Amino acid sequence: MWPGLLFVGLLCCVGCASSQSRRAAPEGRSATWNDPVLKAELLPPSADPVAGERITLKLKITNVSPEPVDLPWPRFIDQFITSVQRASDGTVTRVAHTGLALGHGKYPGGLLQPSESMSVDLTHVFDAPGVHRVKCELRTTREACPWWSFWEGCVDTEELRVAVRGKGADNE
């Protein structure tokens, strides 16, 4: 029992020391807040989406800083991503990804070298036909994983316009 408690205590001490030596960098910027660190781009779907059917969108994350950036594992990074979908009727839906989409990229590392990119597959379902706008937000914070040391900050994509067909519509 004592060795287990000592191990847990050691992990707590390391986590506290690590978190005290860093400060969060907002809006995809470095700790100096002047230079961008990451760029995020939402890529269009490979096929025309149909209302009510699941599609995959790719989120491309690029390190635009001169230093390596440590990101959460690609298999878990999507839990730090929120998608904002705006339907043609003005309805806005926020989708918090659960970590189950299992994005594809590097690791075990998440060390993204300068000019290197990784992509994360995100699943979406558009409920109705029409033109939808989608935007993704990557927000990493120590509160989500206090024991894990990675880049903290925020980066958003531009809105992507997606034309969604109705069920049974022509496949032309």
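Here is a walk through this structure, from the overall layout down to a few single residues. Keep in mind that what you are looking at is a predicted model.

Let's start with the big picture. The chain contains 1 helix and 10 strands. If you follow the chain from its N terminus, you meet the helix and then one strand after another, in the order α-β-β-β-β-β-β-β-β-β-β. There are 172 residues in the chain, and 35% of them count as buried. The accessible surface adds up to about 10,200 Å², with carbon and sulfur atoms accounting for 57% of that. How do the contacts run along the sequence? Take the contacts between residues at least 6 apart in sequence: 68% of these link residues at least 24 apart.

Now look inside. The largest nonpolar core is made of 28 residues. Leu38, Leu59, Ile61, Leu71, Val120 and Leu138 are the ones with the most contacts within this core. Several strands feed into the core: S1 (38-43), S2 (54-63), S7 (117-125), S8 (130-140) and S10 (160-164) each give at least two residues. Which strand gives the largest share? That is S2, with 4 residues.

Next, find the open sheet built from 3 strands, lined up as S1-S2-S7 with antiparallel pairing. S1 and S7 sit at the edges and have a single partner strand each, so one side of each has no neighbour in the sheet. On average, neighbouring strands here are turned by 25° against each other, ignoring direction. Zoom in on S1 and S2, and you'll find 6 bridges holding up their antiparallel pairing. One residue to look for is Ala40, whose bridge partner in S2 is Ile61. A handy rule for reading any such picture is that side chains in a regular strand alternate between the two faces of the sheet.

Stay with this sheet for a moment and pick out Asp121, which belongs to strand S7. Is Asp121 buried or exposed? Its relative accessible area is 13%, and residues under 20% count as buried, so Asp121 is buried. The side chain of Asp121 also has a polar partner: it makes a polar contact with the side chain of Lys58, at 2.6 Å.

Another set of pairings centres on strand S4, residues 81-86. S4 pairs with S8 in the antiparallel sense over 6 bridges, and in that pairing Val84 stands opposite Lys135. S4 also runs antiparallel to strand S5 (residues 92-96), with 5 bridges between them. Here Ser83 stands opposite Val95 in S5. S4 and S5 form a hairpin with 5 residues between the strands, and in this hairpin Gly90 takes a positive phi near 95°.

Let's finish with a loop residue. Where is Thr157? You'll find Thr157 in the loop between strand S9 (153-156) and S10. Thr157 has a relative accessibility of 5%, so this loop residue counts as buried. What does Thr157 touch? Leaving out residues up to four places away in sequence, the list is Ala40, Glu41, Leu42, Leu59, Lys135 and Cys136. You have already met some of these names: Ala40 is the bridge partner of Ile61, and Lys135 stands opposite Val84. With Cys136 there is a polar link too, as a polar atom of the Thr157 side chain lies 2.9 Å from the backbone nitrogen of Cys136.

Notes
Residues numbered from 1 in each chain as written. Predicted model: local features only at pLDDT ≥ 70, side-chain atom pairs only at ≥ 80, totals over all residues. Heavy atoms only, no water. Buried < 20%, exposed > 50% of the residue type's maximum accessible area, 1.4 Å probe, protein only. Contact = heavy atoms within 4.5 Å. Areas by Shrake-Rupley, 256 points an atom, 1.4 Å probe, with all protein chains shown as cover. Core = buried A, V, L, I, M, F, W, Y, C linked by side-chain atoms within 4.5 Å. Polar contact = N/O pair within 3.5 Å; in protein donor to acceptor, adjacent residues only side chain to side chain. Pairing = 2+ DSSP bridges. Axes fitted to C-alpha atoms, helices over the stretch in contact; angles between N-to-C directions.
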